[in-house]
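Work through the exercises below with the sequence and the structure in view. Each task is followed by a solution in steps.

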Amino acid sequence: GLEALQDARIHGSTLVGPPRMRPPDAHGRPRRVAMLSVHTSPLHQPGTGDAGGMNVYIVELAKRLAAIDIEVEIFTRATSAALPPSVELAPGVLVRHVAAGPYEGLAKEDLPAQLCAFTHGVTQAWADHRPGHYDLVHSHYWLSGHVGRLAAQRWGVPLVHAMHTMAKVKNANLADGDTPEPAARVLGESQVVRAADRLIANTEKEADELLRYYDADTGRVAVVHPGVNLERFRPDARGAEAGRAAARSRLGLPQDALIPLFVGRIQPLKAPDVLLCAVARLLEERPWLRERIVVPVVGGPSGSGLARPEGLQKLAARLGISDVVLFRPPVGQERLADWYRAASVLVMPSHSESFGLVAVEAQACGTPVIAADVGGLPVAVRDGVSGVLVPGHDPADYARALCGFADDPARSARLSEAAVRHARSFGWATAAAATADVYTAALLRRGRGSRVDGSRTVGQGPLP
Ligand code: UDP
């Protein structure tokens with residue numbers, strides 16, 4: 001029975017045979033969703049390469065959807081010949097590896113050429129099953145959206161799409177040294193926006209951007225705030241202060257230091273350089289702090305290959321602060337929680353950020369945030385309550401904000417408490433329930449929401 005099924009899944013056997021009897025869902029929700037993540041695998045370590053918040057998002061969302069009886073199969077490109085065709089990530093969540101292009105060394109920019117092969121792999125998985133195996137396609141990022149629109153049309157099921165980042169928004173907020181996103185992506189995104197039955201935006205602001213930049217249909221855009229894993233990211237049970245001391249000793253960090261932390265992929269868009277310049281300025285004004293400051297930068301180079309960490313190391317050297325900056329490779333999330341707990345403040349000076357999971361994770365651990373007032377960060381951080389929002393990217397402003405944390409421990413403690421409360425409003429269970437509602441709306445749009453008799457219409461055409 002179930003064991004054999006799971007076994008078959010893990011070993012990648014195809015599941016052919018008589019259709020499984022699935023009782024209809026009285027709530028009009030899908031039973032099984034094909035989730036598409038072409039360019040990055042949910043099994044990869046986030047914080048480097050092409051793996052970041054979207055990977056975390058997909059893993060956490062899929063697990064919580066499975067917990068409310070919506071099975072998820074995640075399709076991603078195989079990046080090694082050694083990978084099994086499918087892997088069970090959690091009960092009800094399967095990752096399917098699709099062969100498309102060379103296993104290793106395929107840059108994100110070269111992926112469009114492999115989309116046909118990827119689409120073939122996805123539709124093949126469907127062909128191996130009975131019709132109606134998937135009730136809905138949920139694609140992430142525009143490359144997946146392209147595959148999604150073909151798969152959804154072929155299967156006659158709705159397409160729900162999440163942009164995660166948008167070329168037009170990125171291009172309007174470029175950092176120095178950033179290359180603009182190509183016109184092909186802009187065009188591709190516009191096509192996906194038109195094809196999707198529902199678009200999920202992280203924040204109201206992203207929803208507005210979809211309308212303003214991509215002319216999306218208002219009725220098809222839904223806002224679902226991402227969540228944070230509140231079991232993993234939580235303050236130490238002994239309280240924030242005791243927790244900070246314990247985390248610092250586990251990480252070998254000094255107890256009495258000011259620790260402004262940067263976490264994320266090292267790329268111009270995240271502006272770690274602004275933090276380093278701010279620290280240099282702070283030390284010019286207060287040279288005595290040099291003995292009492294550590295600036296950890298946790299994360300690896302970004303997949304787009306724009307800024308290698310060496311660039312940031314060189315900047316630290318040029319600014320004369322190499323002795324206070326600690327570069328650390330990406331770490332698993334349990335360990336990352338300790339970095340958050342150890343920090344005095346998380347600094348996120350990003351030029352553009354669709355949401356900024358890192359900001360909420362830090363707050364969930366009791367660490368306030370200094371963030372740029374851009375994108376989703378004003379939702380992730382409550383200005384003056386759980387952190388500080390800084391307009392623009394002038395290092396002097398970030399230096400000033402850092403002074404506030406160095407000078408006023410009582411205020412830091414207040415912000416820390418409020419940060420935990422604020423972060424608790426972003427649970428994944430809530431995000432999954434809201435996503436399930438979007439699925440229901442998308443199914444209803446296709447006239448599939450009330451399958452009381454379990455019947456279905458297959459092969460509906462494309463959207464008007
Ligand atoms: N992350 C991680 N280990 C690291 C650095 C980052 O697991 O060493 C994770 C982090 O927990 C967060 C994600 O990577 O969930 C980054 O998401 P965010 O939305 O902040 O940025 P994105 O990468 O999507 O731009």
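**Exercise 1.** Decide whether aspartate 69 is buried, partly exposed or exposed.

Solution. The model is a predicted one. Step one is to count neighbours: aspartate 69 has 14 C-beta neighbours inside 10 Å. Step two is to apply the cut-offs: 20 or more would make a residue buried, and 12 or fewer would make it exposed. Aspartate 69 therefore counts as partly exposed. As for its place in the chain, aspartate 69 lies in the loop between α2 (53-67) and β2 (71-77). Its phi is near 70°, a positive value in a residue other than glycine. Most residues other than glycine have a negative phi.

**Exercise 2.** Treat histidine 164 in the same manner: where does histidine 164 lie, and is it buried or exposed?

Solution. The loop between β6 (159-162) and α5 (167-172) holds histidine 164. Histidine 164 has 21 C-beta neighbours inside 10 Å, so it counts as buried. The backbone of histidine 164 also has a positive phi, near 65°, and this residue is not glycine.

**Exercise 3.** Check the length of helix α9 (residues 272-285) against the expected span.

Solution. Helix α9 has 14 residues. At 1.5 Å a residue, these should span 20 Å. The C-alpha atoms at the two ends are 20 Å apart, which agrees with that expectation. Burial can be added to the picture: the buried residues of α9 are Pro272, Asp273, Val274, Leu275, Leu276, Cys277, Ala278, Val279 and Leu282.

**Exercise 4.** Describe how α2 packs against helix α16 (residues 428-445).

Solution. The two axes are 9 Å apart, and the packing angle is about 75°. Angles of 65 to 115 degrees count as roughly perpendicular, so α2 is roughly perpendicular to α16. On the α2 side, the contact is made by Glu60, Leu61, Arg64 and Leu65. On the α16 side, Trp428, Ala429, Ala431, Ala432, Thr435 and Ala436 take part. Sorted by class, the contact of α2 with α16 has seven nonpolar, one polar and two charged residues.

**Exercise 5.** Classify the packing of helix α4 (residues 141-155) with helix α6 (residues 183-195).

Solution. The axes come within 9 Å and cross at roughly 45°. That angle makes α4 oblique to α6. The crossing of α4 and α6 is left-handed. From α4 the contact takes Trp142, Gly145, His146 and Arg149, and from α6 it takes Arg185, Gly188, Glu189, Val192 and Ala195. The residues of the contact of α4 with α6 divide into three nonpolar, three polar and three charged.

**Exercise 6.** Do likewise for helix α8 (residues 240-251) and helix α11 (residues 333-342).

Solution. Their axes lie 8 Å apart, at an angle of about 120°. This makes α8 oblique to α11. α8 passes α11 in a left-handed crossing. Gly243, Arg244, Ala247, Arg248, Arg250 and Leu251 of α8 meet Asp338, Trp339, Arg341 and Ala342 of α11. By class, the contact of α8 with α11 has four nonpolar, one polar and five charged residues.

**Exercise 7.** Summarise the whole chain: how many helices and strands does the protein chain have, and what share of its residues is buried?

Solution. The secondary structure of the protein chain comes to 16 helices and 14 strands. Of its 464 residues, 49% are buried. Among contacts between residues at least 6 apart in sequence, 68% join residues at least 24 apart.

Notes
Residues numbered from 1 in each chain as written. Predicted model: local features only at pLDDT ≥ 70, side-chain atom pairs only at ≥ 80, totals over all residues. Helix = DSSP H or I, 4+ residues; strand = E, 2+ residues; numbered from the N terminus. Expected span 1.5 Å × (residues − 1). Axes fitted to C-alpha atoms, helices over the stretch in contact; angles between N-to-C directions. Parallel < 35°, antiparallel > 145°, perpendicular 65-115°, else oblique. Left-handed = near helix turned anticlockwise from the far one by under 90°. Contact = placed C-beta atoms within 7 Å. Nonpolar A, V, L, I, M, F, W, Y, C, P; charged D, E, K, R; others polar.
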